[in-house]
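User: Hi! I'd like to learn how to read the surroundings of a bound ligand. Could you walk me through an example?

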Amino acid sequence: MKILVCISKTPDTTAKIAFADNNTKFAGDGVQWIINPYDEWYALVRAIELKEADPSTVIHLINVGGADSEPIIRKALALGGDEAIRVNSESNDSYFVAAQIAEIAKSGSYDLILTGKETIDYNGSSIGAMVAAFLEKPFVSHSVKLNIDSNNAMITREIEGGEESCKIALPLVLSCQKGMAEQRIPNMKGIMGARTKPLKVVEPIAGEELTSVVAFDLPPAKAGVKLVSPDQPEELVRLLHEEAKAI
Amino acid sequence: MSVLVYIDQSEGSIKKASLEAASYANETAKKLGTTSTAVVIGSTNDKLESLGNYGIKKVYHFDNQELNSFNSTSYSKVIQEIAQQENAEVIVFSNNTSGKAIAPALSVFLKAGLVTGAVALPDTSNGFVVKKSVFSGKAFANIKIQSSQKIISVNPNSFGIHSSDGQAEVVSVKTLQTSAGIEITGTHKITGDVPLSEADVVVSGGRGLKGPENWGLVTELAEVLGAATACSRPVADIHWRPHHEHVGQTGLAIAPNLYIAIGISGAIQHLAGVNRSKTIVVINKDPEAPFFKAADYGIVGDAFEVVPKIIESIKKLKSA
Ligand SMILES: Cc1cc2nc3c(=O)[nH]c(=O)nc-3n(C[C@H](O)[C@H](O)[C@H](O)COP(=O)(O)OP(=O)(O)OC[C@H]3O[C@@H](n4cnc5c(N)ncnc54)[C@H](O)[C@@H]3O)c2cc1C
Ligand SMILES: Nc1ncnc2c1ncn2[C@@H]1O[C@H](COP(=O)(O)O)[C@@H](O)[C@H]1O
């Protein structure tokens, strides 16, 4: 089986959110970059588990990003990817990025394409469904469980108000979230091995960008907390009722 | 030309998030000087004429039996069909699990620029710019859509439901787009509870509650408030509570009217999932807990003493 895992680079979850260049760019200086948690913990680790169960499995990684994505790609290789492809583009337009991933996917004849549920910076939650649409392949979003049974994927996914189990013939595209797998830490052997694993850089195909960022803004600061004495919980209830009109 | 909105339903009833999307579509239509049309897929128990109460003029109801179970590919093909027929300029979704699966596929099929997680109406003063939530609620991005057709998905609880009086015209249609390929082998509905993503009030517990045996505090407070329950990530990880209750950066992001956090420290990753809540109440025995910085109201105290008193006090208020 051949699996393609889509890896994106995001600021660390504790990074300070600030903007530069007249609020048109994320201020990335001094920020620690990580593999988007959904891609790493859920999509990639589940792919690695499938490979552990069936060693003939091959895991390719894809990232659409600049050269500064390479540390996170190496980390994903250290965790257990076999080889990686970086499409050299810094586009933030989902349509453009998905078109690039679909292009690579077409030539690789993958049985499974895994993405995270969303990136924690742009919160697009779109790439997986778009890749599937470009490829005209089935798409299952918000998967929490995945098992492979010969030529079929058995998936549990989140739907509005519950969960659903389904069976789909491969190949397909899947977006992954919590439940799929548990976070892992790369070991020394993995880290050493990752240095020599292939990381191919390709130029993007011509494509259109349908959206662009005009500016970012930060939410207004909170006015500050109003503390109520623990002996007067009825005062809290009064405030919530009369002032906040929340109950 | 019109503004099209996809109305999502669960087991035959229209979701609150969809009424919000309908309201958003209608306000957008007014801005663009046109009207709003809805698409409903699958059998429904609700009277679709009543979507007129949210400004919808016309409803296309695709009631093919085969479409009763959710399939993002066939659903997006159906919507594509109607979007082309209607020459829809804008297509609106709720940014819920269904919208997240359908809208991006539609974006590819129509080559229409997509903004997910919109929090305000489009600004049409200079192009077509939509404000969306980014960095898990810690910031906003204003995104320009360049294509002629545009797709927007609205973050639940960010725009509100705007109702008026009216009746929509309902057109029943059958479609040929029913390509399945997905065999549903089981469905498990989380019933009895208020769905977390749609709840107006959420009561949430953290590790400060010491153990699952103490969760009565959270569920009882939720019950008197008609609220949904949630929890911090470690609480779900150690199986005190089910995974679907986990809110935060790596769990569900919610934006209720009122969020009550009990025994939660307020780590940045937790805040990322709840900071869009309108009013935040924090109950924590540590005055230094970071959550107080993000809160509107707080009690520094022991949850085991404070929460039962709050429950009593709310009961009194409700019976008054
Ligand atoms: C990449 C990443 C992603 C993450 N994603 C998430 C996420 O999505 N959601 C999430 O929640 N966390 C997430 N975390 C974990 C997060 O950093 C915190 O560890 C977690 O939120 C802490 O949970 P807690 O507040 O329940 O527990 P603790 O931090 O242990 O806090 C317990 C609190 O209870 C208070 N307390 C104790 N006893 C009482 C009492 N009797 N009465 C009142 N208060 C009491 C304490 O003062 C303390 O503030 C993530 C972490 C990482 C690194
Ligand atoms: N630039 C990128 N390169 C590779 N994969 C990506 C990229 N951006 C997003 N993805 C994948 O698509 C998922 C959803 O991203 P998004 O739609 O941007 O929220 C992520 O979790 C990744 O798996």
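User: Which backbone atom of Ile127(A) lies by an oxygen atom of ligand 2, and at what distance in Å?

Analyst: Happy to help, and please keep in mind that this is a predicted model. To read such a contact, look for pairs of N or O atoms within 3.5 Å. Here a backbone N or O atom of Ile127(A) is 2.9 Å from an oxygen atom of ligand 2. Ser125(A) also takes part, with a polar backbone atom 2.7 Å from an oxygen atom of the ligand. For Ile7(A), a backbone N or O atom is 3.4 Å from a nitrogen atom of ligand 2.

User: How much of ligand 2 does the protein bury?

Analyst: The idea is to take the ligand alone and then ask what share of its exposed area the protein hides. Ligand 2 on its own exposes 480 Å², and 93% of that is buried by the protein.

User: Which residues come nearest to ligand 2, and how many are around it?

Analyst: A shell is read residue by residue, using a cut-off of 4 Å between heavy atoms. There are 18 residues around ligand 2, and those that come nearest are Cys6(A), Asp39(A), Val64(A), Ser125(A) and Ser126(A). By class, the shell holds seven nonpolar, nine polar and two charged residues.

User: Which elements of chain A each supply at least two residues of that shell?

Analyst: Here we map the shell onto helices and strands. In chain A, β6 (58–65), α3 (94–108) and β8 (112–116) each do so. The largest share, three residues, belongs to β6(A).

User: Now for the other ligand: where does ligand 1 lie?

Analyst: With more than one chain to consider, check which chains flank the ligand. Ligand 1 sits between chains A and B. Of the 28 residues around it, Arg207(B), Ser232(B), Ser265(B), Gln269(B) and Asn284(B) come nearest. The shell around ligand 1 is made up of seven nonpolar, 15 polar and six charged residues.

User: What polar side-chain contact does Asp302(B) make with ligand 1?

Analyst: Check whether the protein atom belongs to the backbone or the side chain. A polar side-chain atom of Asp302(B) is 3.0 Å from a nitrogen atom of ligand 1. Backbone atoms contribute too: a polar one of Gln249(B) is 2.9 Å from an oxygen atom of ligand 1, and one of Gly263(B) is 3.0 Å from an oxygen atom of the ligand. Taken alone, ligand 1 has 990 Å² of accessible area, of which the protein covers 81%. The elements giving two or more residues to the shell around ligand 1 are α5 (233–237), α6 (268–274) and α8 (303–319) of chain B.

Terms used: Residues are numbered from 1 along each chain as its sequence is written. Chains are lettered from A and ligands numbered from 1 in the order in which they are written. This is a predicted model: local features need pLDDT of at least 70, side-chain atom pairs count only at pLDDT 80 or more; totals for chains, interfaces and linings use all residues. Side-chain values use heavy atoms; hydrogens and water are left out. A polar contact is a pair of N or O atoms within 3.5 Å; within protein, one must be able to donate a hydrogen and the other to accept it, and residues adjacent in sequence count only if both atoms are side-chain atoms. Accessible areas come from the Shrake-Rupley method with a 1.4 Å probe; for residues, only the protein chains shown count as cover. Helices (H or I, at least four residues) and strands (E, at least two) are DSSP runs, numbered from the N terminus. Ala, Val, Leu, Ile, Met, Phe, Trp, Tyr, Cys and Pro count as nonpolar, Asp, Glu, Lys and Arg as charged, and the others, Gly among them, as polar.
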